[in-house]
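With the structure open in a viewer, please follow the stops below in order, making each selection before reading on.

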Amino acid sequence: MNNYFSVQDIDALNDWVNEAIVLKKNPLSHNYLGKNKTIGLLFFNPSLRTRLSTQKAALNLGMNVMVMNFTGEGWSLEYEDGVVMDQGNSEHIKEAAQVVSQYCDVLAIRAFAKLEDREEDYKEKVLKSFIEYATIPVVNMESATGHPLQALTDAITITEHKKVRKPKVVLSWAPHPKALPQAVANSFVEMMQRMEADFVITHPVGFELASQITKDVPIDYNQENALKDADFVYVKNWSSYSDYGQIGSDQQWRITEGKMKLTNQAKFMHCLPVRRNVVVDDAVLDGEHSIVIEQANNRTYAAQLVLKKILEAK
Ligand code: CP
């Protein structure tokens, strides 16, 4: 494997998930693989889990790690070809990507959606430009439209916890005071389409995800109906795709203990960070069926598997 840009870069999902679970049992088993190799982590947005788990994954493989926060520290980048650079941007992606490729063996990038122009965000200008001009593999640490490291983590976590071959998995929208991208939800949907799962999405009218991603996944606009008999409840806010970037803060959609009682003692999942008592009540997040901390722990093994595959292919 060269780049890990989306869930579609996973060639054999069951094998990947099983290999990650084996890595988790012995994380240092391949600590020779990254010897004298360097990963560069470039952040255009904040992070806790992605930053630390990807570093941890690289260290477990014996790699050196360099981290750079681009916003406020790096030169502002120009992405358009042939442009006269007499405005704000100081450096063109063509040089930046090639220069970083001199210092690193693998590059990982986080660059969120701006949520101002849907067509621009869905072009994935930042990630795709780095992939075009870098001469080393590129890993997506959450781009404008996808978070495939999170989705691989979620597949690992569901596999570890499922009690039946084909669990019922519900992706439920929940309220949030700020406009959030659709990236986590998009990649989770793509992942569930590839897993053996009875998968349903529930959200208010007007918060449909892109139809080219959801395809024929059933959508239930009645949250309580969707939650019935669920084995896993995956909760996430996203801003509107159709009325692009519109905030959704309807508290009727907050996840409560009462709603979780409708499920089959479902495991509660969230990618974190989560706003307590806005997205989900304390009682659910702190309850015995919440697996969010274990889910966050699995970020390391998802990243480690992806880096291992890249290093093995080099
Ligand atoms: N889930 C996730 O990507 O967390 P961070 O934004 O903290 O990296």
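## A guided tour

Begin by selecting Leu 115, which sits in the loop between β5 (106-110) and α4. As you look at its backbone, bear in mind that this is a predicted model, and that the phi angle of Leu 115 is near 65°, a positive value in a residue other than glycine.

Move next into helix α4 itself, which spans residues 118-123, and select Tyr 122 there together with Tyr 244, which belongs to the loop between β10 (232-236) and α10 (257-260). Tyr 122 and Tyr 244 form an edge-to-face aromatic pair, with 6.4 Å from centre to centre and 75° between the planes. Because one ring lies in the helix and the other in that loop, the pair ties together parts that are 122 residues apart in sequence. A search of the whole structure finds nine aromatic pairs.

Now show the strands β7 to β11, which form an open five-stranded sheet in the order β9-β8-β7-β10-β11 with parallel pairing. The edges of this sheet are β9 (219-220) and β11 (267-269), each of which pairs on one side only. Within the sheet, select β7 (residues 168-173) and β8 (residues 198-202), two parallel strands that are joined by five bridges; here you will find Ser 172 opposite Thr 202 of β8.

From β11, continue into the loop between β11 and α11 (282-285), where Pro 273 is placed. The peptide bond that leads from Leu 272 to Pro 273 is cis, with omega near 0°.

Leu 272 also takes you to the last stop, since it is one of the residues that surround the ligand. Select the whole shell: Ser 47, Leu 48, Arg 49, Thr 50, Arg 110, His 147, Gln 150, Cys 271, Leu 272 and Arg 299. By class, this shell has three nonpolar, four polar and three charged residues. Where does the ligand lie with respect to domain 1 and domain 2? Both domain 1 (7-146 + 299-313) and domain 2 (148-295) give residues to the shell, so the ligand lies between them.

Finally, display the distances from the ligand to individual atoms. An oxygen atom of the ligand is 2.7 Å from a backbone N or O atom of Leu 48, and an oxygen atom of the ligand lies 2.8 Å from a side-chain N or O atom of His 147. For Gln 150, a side-chain N or O atom is 3.0 Å from a nitrogen atom of the ligand. On its own the ligand has 260 Å² of accessible area, of which the protein covers 93%.

Terms used: Residues are numbered from 1 along each chain as its sequence is written. This is a predicted model: local features need pLDDT of at least 70, side-chain atom pairs count only at pLDDT 80 or more; totals for chains, interfaces and linings use all residues. Side-chain values use heavy atoms; hydrogens and water are left out. A residue is near a molecule or strand if one of its heavy atoms lies within 4 Å of it. A polar contact is a pair of N or O atoms within 3.5 Å; within protein, one must be able to donate a hydrogen and the other to accept it, and residues adjacent in sequence count only if both atoms are side-chain atoms. Accessible areas come from the Shrake-Rupley method with a 1.4 Å probe; for residues, only the protein chains shown count as cover. Ala, Val, Leu, Ile, Met, Phe, Trp, Tyr, Cys and Pro count as nonpolar, Asp, Glu, Lys and Arg as charged, and the others, Gly among them, as polar. Domain bounds come from an automatic or database domain assignment. Two strands pair if DSSP finds at least two bridges between them. Helices (H or I, at least four residues) and strands (E, at least two) are DSSP runs, numbered from the N terminus. Rings of Phe, Tyr and Trp (its six-membered ring) pair if their centres lie within 6.5 Å; planes under 30 degrees apart count as stacked, over 60 as edge-to-face and the rest as tilted.
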